Amino acid sequence: MPIPKAVARLNLVLTNPILRHVAWWAPGFAVVTHVGRTSGRVRRTPVNIFAHGRDYVIALTYGRDSEWVKNVQAAGGCVVQTRGRHIRLVHPQVVHDPSLQMMPGPVRFILGLIGVTDFLVLEPATGAP
């Protein structure tokens, strides 16, 4: 069971505004820039992200039904800012991975504790680093 939605709502108001200031450069974090499906507003969501081969994997700590995940899927991709770089990612796929093999060892342990087993896997757009 991912983190409860009530915590997600609290983080939206309290934690995310703070994390947006560090997630763009901190290892294991990124800021996903996406557009609201109905509002058309540009949104910036801090996430945990890790490279897995050529792909990027985002832990869905609030589950696969989070609005930002739906926005990225509807748009066919997003831009992430991680380690000070902007990367265009495409072909979003939600992957259920109870083994957590796409995550680094220490992260596997933490995600296992909170029951996260869903991930958003994206690949760099053609010509992206």
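The following exchange concerns the nonpolar cores, helix H3 and the salt bridges of a predicted model.

In this predicted model, local features need pLDDT of at least 70 and side-chain atom pairs count only at pLDDT 80 or more, whereas totals for chains, interfaces and linings use all residues. Residues are numbered from 1 along each chain as its sequence is written, and side-chain values use heavy atoms, with hydrogens and water left out.

Colleague: Which element gives the most residues to the largest nonpolar core?

Modeller: A nonpolar core is a set of buried Ala, Val, Leu, Ile, Met, Phe, Trp, Tyr and Cys residues joined through side-chain atoms within 4.5 Å; buried means under 20% relative accessible area, exposed over 50%, and partly exposed in between (1.4 Å probe, protein chains only). The largest core has 16 residues, and those touching the most other members include Val32, Trp68 and Leu89. Elements giving two or more residues to this core include strand S1 (29-35), strand S2 (42-52) and helix H3 (67-75), where helices (H or I, at least four residues) and strands (E, at least two) are DSSP runs numbered from the N terminus. With three residues, the element that gives the most is H3.

Colleague: How many residues does the second, separate core hold?

Modeller: This core is separate, and its members include Phe50, Leu100, Val107 and Val121. The number of residues in the second core is 11.

Colleague: What arc around the axis do the buried residues of H3 cover?

Modeller: The buried residues in H3 are Trp68, Val69, Asn71 and Val72. They lie on the same side of H3, because the arc that they cover around the axis is only 160°; the arc is that of the directions from the helix axis to the C-beta atoms. Their cover includes S1, S2, S3, S4, S5 and S6. The arc asked for is thus 160°.

Colleague: Which side chain makes a polar contact with the side chain of Thr45?

Modeller: Thr45 is found in strand S2 and is buried, at a relative accessible area of 14%. Leaving aside neighbours within four places in sequence, Thr45 is in contact (heavy atoms within 4.5 Å) with Ala30, Val31, Val32, His34 and Trp68. A polar contact is a pair of N or O atoms within 3.5 Å; within protein, one must be able to donate a hydrogen and the other to accept it, and residues adjacent in sequence count only if both atoms are side-chain atoms. At 2.9 Å, the partner of the Thr45 side chain is that of His34.

Colleague: Which residues do salt bridges that share partners join into one network?

Modeller: A salt bridge is a side-chain nitrogen of Lys or Arg within 4 Å of a carboxyl oxygen of Asp or Glu. Glu67 meets Arg37 in such a bridge (2.7 Å, N to O); Glu67 lies in helix H3 and Arg37 in the loop between S1 and S2, so the pair ties together parts 30 residues apart in sequence. Glu67 also forms a salt bridge with Lys70, the closest N and O atoms being 3.7 Å apart. The network therefore consists of salt bridges that join Arg37, Glu67 and Lys70.

Colleague: Is Asp118 buried or exposed?

Modeller: The side chain of Asp118 meets that of Arg64 in a salt bridge (3.2 Å, N to O). This pair links distant parts of the chain, with Arg64 in the loop between S3 and H3 and Asp118 in strand S6, 54 residues apart. Arg64 counts as partly exposed at 36% relative accessibility. At a relative accessible area of 13%, Asp118 is buried.
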